[in-house]
Amino acid sequence: MRLTIERMGYGADGIAHTDEGKTVFVAGGVVGDVVDAELTSDGPSFSRARATNIIEPSGMRVTPPCPFVGVCGGCPWGALDRETQLHAKEENLRSALQRIGHFTPEEINDLVQPIRYTKDAWGYRNKVELGVHSENGRLRLGMHGIDPDQIIKVDRCPLFESTASKAIKAVTGALSYLGNSRDLNLERVGIRASRRTKALEVALWTPTGGFPRAHVARVLDDAVKPTSVVRVLTKGDRAARRVEKNELLAGQGSWTERIGEETMRISAPSFFQVNTAAAELLIELVVDALKPGPDDVALDLYCGAGTFTLPLARRCSWVAAVESYGPAVRDLRRNIERAGLDNVDAIGGDAVREFPGDDADVLVVDPPRAGLAAEAIELIAGTSARDVAYVSCDPATLARDLAHFREDGTFKATAITPVDLFPQTYHCETVVHLSRA
Ligand SMILES: C[S@@+](CC[C@H](N)C(=O)[O-])C[C@H]1O[C@@H](n2cnc3c(N)ncnc32)[C@H](O)[C@@H]1O
């Protein structure tokens, strides 16, 4: 079947239509390509296909700096030029706002601002996560493939912080060597690196049980000179694994990053924005939207280790910050203390159940991909806040939640700004400024 890729969807694949008008998601095709493709599945409303031959390559195709683009899950859009990526992200956001949020094209034109981005399209990630397979008793570590069953063995990843580019090969080599003489029972391995602080942490995720702590720490130290080596102990079956403990094997026991004016410590299981420079754009957009003043009370919901909490606390009289994940709450408290701030109430628990009350001047929410629960929107609407900043990593749930805010009528979106936090992927972060209607 010959197809012309018309646009990029919210996913790795290009989108084409058959002569009969049926939508086809084409793996291996980028916008502008003419490809021969074979069907991989055929459903009632759309089909999936795989490009077998590129007949006319798109003018927007580029040669990526990695031979694994197309198979590795790290950069599904790595063969597309940056400008086209940025445009496609804006279009995907607009499409979600129209289809799911029921905004009119005129409203979208008024609200959606040009996408914000930093110059680093590669080498921006402060974290990589290596998957682990055991094959015939040999340990195999690598990047997760687009096919989730695949582990791609790589020596370097051009998405990862370039000052630590040798770390992947060194850690992979050291752990493979160790794993061949005894079973390390590794589930995955995280590496966090900072160009700004030079911190490098290796986190080994394993189930509870015996582990050659000192030996592993020594071999990793010889291989990469990390500033921290930890073992994250997990419990429960694979689907519902929970973190039992973050065990120090060597060094500091956490990773340090400088973001904006702040230096934050992050423990291995906690969330931290993977692109520090682009996360500074998020902080800038949140602060610009909320214009926090010295008499203001701020709420920071889904606050993690404090990325927005600390800048708000510098500007406001009081911040109530809510985070449900234990390790992140501990990081938050430690970061507040290290920053010398005494005007933050760090609340551990669910953002809805532990909602800090109605008394607020400004409010930021940064929920996970699932977006906001209906009760969270009701509670936010019930506050006295004048402005809300909604930071989202999922255009679809964001559009749904903005429709709920509109139905409620208390707050109205006044600016919607996409931010390219994840170059070479289809993912898009967005900051929405909502003001009292
Ligand atoms: C996208 S992250 C944002 C973290 C932080 N704002 C930042 O930028 O670093 C979402 C955070 O929400 C937390 N979280 C998830 N569900 C939650 C809930 N129901 N209540 C409170 N926090 C929650 C997660 O643990 C995670 O730290």
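Here are four short exercises with worked solutions on this structure, which is a predicted model.

**Exercise 1. Overall size**

Task: Work out why the radius of gyration of the chain agrees with that of a compact globule.

Solution: Let's begin with the length, which is 437 residues. A compact globule with that many residues would have a radius of gyration near 22 Å. The chain has 23 Å, so the two agree. Next, look along the principal axes: the C-alpha atoms fill a box of roughly 60 × 60 × 40 Å. Inside the chain, buried residues make up 47% of the 437 residues. Finally, take the contacts with a separation of 6 or more: residues 24 or more positions apart account for 60% of them.

**Exercise 2. Domains and their contact**

Task: Find which residue ranges the domain assignment gives, and how many residues domain 2 and domain 3 each bring to their contact.

Solution: Start with the ranges: domain 1 covers 1-61, domain 2 covers 127-257 and domain 3 covers 271-436. The centres of domain 2 and domain 3, taken over C-alpha atoms, are separated by 31 Å. Their contact takes five residues from domain 2 and five residues from domain 3. On the side of domain 2 that touches domain 3, the residues divide into two nonpolar, one polar and two charged.

**Exercise 3. Strand S3 and its partners**

Task: Determine which side chains of strand S3 (residues 14-17) are buried, and which strands pair with S3.

Solution: A general rule helps as a first step. In a regular strand the side chains alternate between the two faces of the sheet. Now apply it to S3: Gly 14 and Ala 16 point to one face and are buried, while Ile 15 and His 17 point to the other face and are not buried.

Turn to the partners. S3 pairs with strand S2 (residues 7-8) in the antiparallel sense over two bridges, and a hairpin of five residues joins S2 to S3. Here Arg 7 stands opposite Ile 15. S3 also runs antiparallel to strand S4 (residues 23-27), with four bridges joining them. In this pair Ala 16 stands opposite Val 24. The hairpin of S3 and S4 has five residues between the strands, and Gly 21 takes a positive phi near 95 degrees there.

**Exercise 4. The annotated cysteine**

Task: Explain why Cys 393 counts as partly exposed.

Solution: First, locate the residue. Cys 393 sits in the loop between strand S20 (387-392) and helix H9 (395-408), and an unreviewed UniProt entry places the feature "active site" at this residue. Next, take the neighbour count: 19 other C-beta atoms lie within 10 Å of Cys 393. A residue is buried at 20 or more and exposed at 12 or fewer, so Cys 393 is partly exposed. Lastly, leaving aside neighbours within four places in sequence, Cys 393 is in contact with Arg 369, His 427 and Glu 429.

Terms used: Residues numbered from 1 in each chain as written. Predicted model: local features only at pLDDT ≥ 70, side-chain atom pairs only at ≥ 80, totals over all residues. UniProt positions renumbered as here; feature names shortened; annotations may be inferred. Contact = placed C-beta atoms within 7 Å. Pairing = 2+ DSSP bridges. Domains from an automatic or database assignment. Nonpolar A, V, L, I, M, F, W, Y, C, P; charged D, E, K, R; others polar. Rg over C-alpha atoms; globule rule 2.2 N^0.38 Å.
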